[in-house]
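Grab a coffee and work through these exercises with the model open beside you. Try each task before you read its solution.

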Amino acid sequence: MVRIAICAPATPITRDHAAALEALVAEEFSQHSVWFHPQCFASHGHFAGTDDQRMSALLECANSSDFDAVWFARGGYGSNRIAQAAIGFMDDHARAKTYVGFSDMGYLLAGLYRAGIGQPVHGPMPISAGSARGREGVRRVLQWLSGDSSGLEPSLDGKTPAVAFNLITLAMIAGTPLMPDLRGHVVMVEEVSEHLYAVDRLFFHLTNLLPPGIAGLRLGQVTDVPENDREFGQSAEDIAQFWCARMGIPYLGRAEVGHYPGNRVVPFGLASPARSA
């Protein structure tokens, strides 16, 4: 059994979201258990509680010996406000855990990876259990936690370390104390709800800050692109290839990561089946 604690370092979920995941786990993954921290349902302006409440809940889950994994409830903006401070208070129990999320949770995954705390994992989050298409992604995470690697990003070769991030999130992390050393890594990036000119601007920023010696870049899904008053003239892949060529970064093709139902699991570092408790 993998004992999974769920907290919301950014924005809240509803009790209906929690019930949907609990039902799925009971029906299909009874070898696991899930526990929702009450903070998941808190509200303080944009956030799932104050910064102190969100950090306290994260630390309760991470530092507890009662859990094997911490699954972040959803994205939305906010985890960057607590990530650096929270990581500084994590103990040996936290170092033994798996941490799963994506999008805004990339701030935490990056900081954990830099600090060598546990196994950060890009993957779908509990909020998606409420829809038929979303449940497929949730199942991939639960299967991976069971030791089934079928839901991993297909390009992972087990030899080259990899990471996956939302593009704007990684661009914001670059140059901060949360940024891990990505030399030798395949870096996968995806984006949602950004104009193509903004995607181009983010690639300009990020490719100038990525360290020399990364193994290459893969482009995930770029979804829900808003219409602009004029065509940008390049596709998202054109943009990625343009900036990779300009900055001497190998462009390795596409990846099945992003804000869409096909979002795959990417363990940070070298991919392997999860430890089953």
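## Exercise 1: What covers helix H8

**Task.** Find out which elements cover the buried residues of H8.

**Solution.** Start with the cover itself: helix H7 (167-173), strand E7 (186-192), strand E8 (216-223) and helix H9 (236-247) are among the elements over the buried residues of H8. Helices (H or I, at least four residues) and strands (E, at least two) are DSSP runs, numbered from the N terminus.

A quick word on the ground rules. This is a predicted model, in which local features need pLDDT of at least 70 and side-chain atom pairs count only at pLDDT 80 or more, while totals for chains, interfaces and linings use all residues. Residues are numbered from 1 along each chain as its sequence is written, and side-chain values use heavy atoms, with hydrogens and water left out.

Next, list what is being covered: Ala198, Val199, Asp200, Leu202, Phe203, Leu206 and Thr207 are the buried residues of H8. Buried means under 20% relative accessible area, exposed over 50%, and partly exposed in between (1.4 Å probe, protein chains only). Leu209 also sits in H8, but it counts as partly exposed because its relative accessibility is 40%.

Then zoom in on Phe203. Not counting residues up to four places away in sequence, Phe203 touches Leu167, Val189, Leu217, Leu219, Ile239, Ala240 and Trp243. Contact here means heavy atoms within 4.5 Å.

Last, check the helix length. H8 (residues 196-209) has 14 residues and spans 20 Å from first C-alpha to last, close to the expected 20 Å. That expectation is 1.5 Å times one less than the number of residues.

## Exercise 2: The nonpolar core

**Task.** Which residues have the most contacts inside the largest nonpolar core, and which helix gives the most to this core?

**Solution.** The largest nonpolar core holds 90 residues, and Trp71, Phe72, Met90, Tyr99 and Phe203 have the most contacts inside it. Helix H2 (residues 51-62) gives the most to this core, with six residues. Such a core is a set of buried Ala, Val, Leu, Ile, Met, Phe, Trp, Tyr and Cys residues joined through side-chain atoms within 4.5 Å. As background, nonpolar side chains tend to be buried together in soluble globular proteins.

## Exercise 3: Two residues of strand E4

**Task.** Are Thr98 and Val100 buried or exposed, and what are they in contact with?

**Solution.** Take Thr98, which lies in strand E4 (residues 98-101). Thr98 is buried because its relative accessible area is 10%. Leaving aside neighbours within four places in sequence, Thr98 is in contact with Asp68, Ala69, Val70, Gln119, Val121, Trp144 and Leu145.

Now Val100, also found in strand E4. With a relative accessible area of 1%, Val100 is buried too. Beyond neighbours within four places in sequence, its contacts are Val70, Trp71, Phe72, Val121, Gly123, Pro124 and Val141.

## Exercise 4: Thr169

**Task.** Where is Thr169 found, and what is it in contact with?

**Solution.** Thr169 is found in helix H7. Its relative accessible area is 5%, so Thr169 counts as buried. Setting aside neighbours within four places in sequence, Thr169 is in contact with Ser103, Asp104, Gly106 and Tyr107.
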